[in-house]
Amino acid sequence: MTSLLSGPDASWPLIKRLFSENGRQYLPRYMLAFFFMIVVAVTTAASAWIMESIVDDVVVNNDPTRVRLIAMAVVFVFLLKGMATYAHRIILAKIGNNIVANVQKRFYRHVLSQDLAFHQRMQGGDLVTHMSTNAGAVRSVLDLLITSVGRDLLTVIALVSVMFIKDPLISLVTLFIAPIAIFGISYLVRRVKSVAKAQFSHLASIVTGMQETATGIRVIKAFNLEGKMTNRMNNAIESVESRSNRMANLDARSSPIMETLGGCAIAIVILYAGWSVRENGKTPGEIVAFLTAMLLAYDPAKRLAKVSVQLRSKLVGAGLLYEVLDTEPTLRENEEAGIFGIGDGSIRLDNVSFAYSNVPALNGVTLEATAQSVTALVGPSGAGKSTIVSMIERFADPQSGKITVGGTDIRDVTLHSLREQIAFVSQDTFLFDGSVRDNIAFGHEGATSDQIKEAARNANAEEFILAMRGGYDAPVGTNGDNLSGGQRQRIAIARAMLRDAPILLLDEATSALDAQSEAKVQEALERLMKGRTTVVIAHRLSTIRQANIIHVMDEGQVVQSGSHDELLAEGGLYANLHALQFRDEAAA
Ligand code: ADP
């Protein structure tokens, strides 16, 4: 226990924190559980105590009235013990389940409140494992401490008291064995921590592997990657298996230590008992009561000795979860942030620079997107176009420079009110597992059925929706698998229509659709862009031609700006891009 609570990686602060954050609100119920544990401890001691009467009055003297009385007392003691055990177990289980639920809720809220940088750092598997295994670990830490301190320690104390009352001298002798046991266990504790950490990371990689398989199954099959994936998964599974075995080994290794010491203690008592009955006139009942108390104390004592081993492995999980809970979002809302007013609706980037953990992405970008017009961003991939869109959504703050919308610095308003005024249609349309209706309705909280239908009509989506089985109630499938690419895009457009925000950010899909879908998507987009301040990452010539202004980007900078014709006449990067990227389309 000492190595657990002190030293460089002391667990004490974490334990204290777990109690103050999770335990406090349950204090009255913990007290009640504690009361029942006292009952368990006392009744266990009583069952040892009563052995003296059983042996002396029942076996040796055989007094009929005493026999009946003792039988009744035994029933009473065990009944009480049974009921108290039931009561404290139920109370603790309910508290435990509630703790897990609360930790999970809190963790999810925390994960949602984090900025994109956090999510890029964290693997999905890590998050899932925190949510499942490590949330359970928080509960286990508290459970272990409460039941071992509460039930086991109290029981041992009660039984040792019986031993002392029956025979103080030999009790002292047997208790000398305890320090040896503690010494033996503490070396195991130190080994547990490293094994538990490794176990977590491999467990998380199993989950990540499983997620990748689910989302990438087409690629895996198309590229015949089954063997490779299987190998990777097998490695992760086998690592967890061997860590689990090592953990079991550490856990079990306390048994030989404890059993041997227990045997020695009993042997000493037997030698002493023989002598003291002969020489000291002790009754057999007293000896049996002493032995019973000692044997009954053996199990809870063993659990107490092992508790530090188990506690250590659970603390590792709980500690990792708390590390995540402690990460502060780098993106913060200004404390005096106001509600965003759209103003004239124009967007301005003023000398904006940004780097993804030291990889520069934007380098002094200044540009304006005029209200209610279409501003196109074009440029080779990696030029910084998506980063600009992320900046306007305030997914991250620029390292220098500022972004204003309608004259207001977006850092001075709440994130919620800013994003409420923005509709975002991305290339990879994300659909939630649910019905078509639900997926459109995300665009605007509390949208009526009529509004949803109107949005779908405007997005050229109603025709295919009505052709689906169940119409608006048809399921879209996981990741929208039941829909084609063009259909998914039109759902996303309908969502944005419903949102009816003054600002539209659009990341045009690069993958070509069939001509008919393309025309429908294009028409819907045109309708969507009308009357909104639109910033579009453009990949299609038709969009570019429509744009009021085009900013050509390269290596995090705006290198050319103007209309399509002006830029073509100017030559340079735009003319090159046009020749390469849009040649086929222009020819078509
Ligand atoms: P574009 O949209 O024009 O293709 P991006 O804005 O996506 O360009 O990327 C600009 C630069 O930032 C690129 O060099 C890219 O590698 C880098 N980048 C983009 N996203 C991340 C990220 N999440 N982490 C690190 N670097 C990134």
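In the predicted model, 2 cavities of 30 Å³ or more were found. The largest cavity holds about 80 Å³ of space, and the second largest has a volume of about 70 Å³.

The lining of the largest cavity consists of 13 residues. Those lying nearest its centre are V425, S426, Q489, D507 and A509. Three secondary-structure elements each supply at least two lining residues: helix α17, spanning 485-499, strand β7, spanning 503-507, and helix α18, spanning 515-529. In terms of residue class, the lining of the largest cavity comprises 6 nonpolar, 4 polar and 3 charged residues.

The second largest cavity is bounded by K166, D167, I170, V269, Y272, A273, K282, E286, I287 and F290. Helices α10 (226-280) and α11 (284-326) each contribute at least two residues to this lining. Its composition is 6 nonpolar and 4 charged residues, with no polar residue present. The charged members of the lining are K166, D167, K282 and E286, while I170, V269, Y272, A273, I287 and F290 are counted as nonpolar.

The surroundings of the ligand were examined next. The ligand is surrounded by Q120, Y356, A361, P380, S381, G382, A383, G384, K385, S386 and T387. Helix α12, formed by residues 385-392, gives the most to this shell, with 3 residues. By class, the shell divides into 6 polar, 4 nonpolar and 1 charged residue. The charged residue is K385, and the nonpolar residues are Y356, A361, P380 and A383.

Oxygen atoms of the ligand lie within polar-contact distance of both backbone and side-chain atoms of the shell, the cut-off being 3.5 Å. At G382, a backbone N or O atom is placed 2.7 Å from an oxygen atom of the ligand. For S386, the separation between an N or O atom in the side chain and an oxygen atom of the ligand is 2.4 Å. A polar side-chain atom of T387 is likewise found 2.4 Å from an oxygen atom of the ligand. Taken alone, the ligand exposes 560 Å², of which the protein buries 66%.

Key: Residues numbered from 1 in each chain as written. Heavy atoms only, no water. 1 Å grid on protein atoms, 1.4 Å probe; cavity = no way out; pocket = protein on both sides within 12 Å on 5 of 7 lines; lining within 4 Å. Points joined across faces, edges and corners; volume = space filled by probe spheres on them. Helix = DSSP H or I, 4+ residues; strand = E, 2+ residues; numbered from the N terminus. Near = heavy atom within 4 Å. Polar contact = N/O pair within 3.5 Å; in protein donor to acceptor, adjacent residues only side chain to side chain. Areas by Shrake-Rupley, 256 points an atom, 1.4 Å probe, with all protein chains shown as cover.
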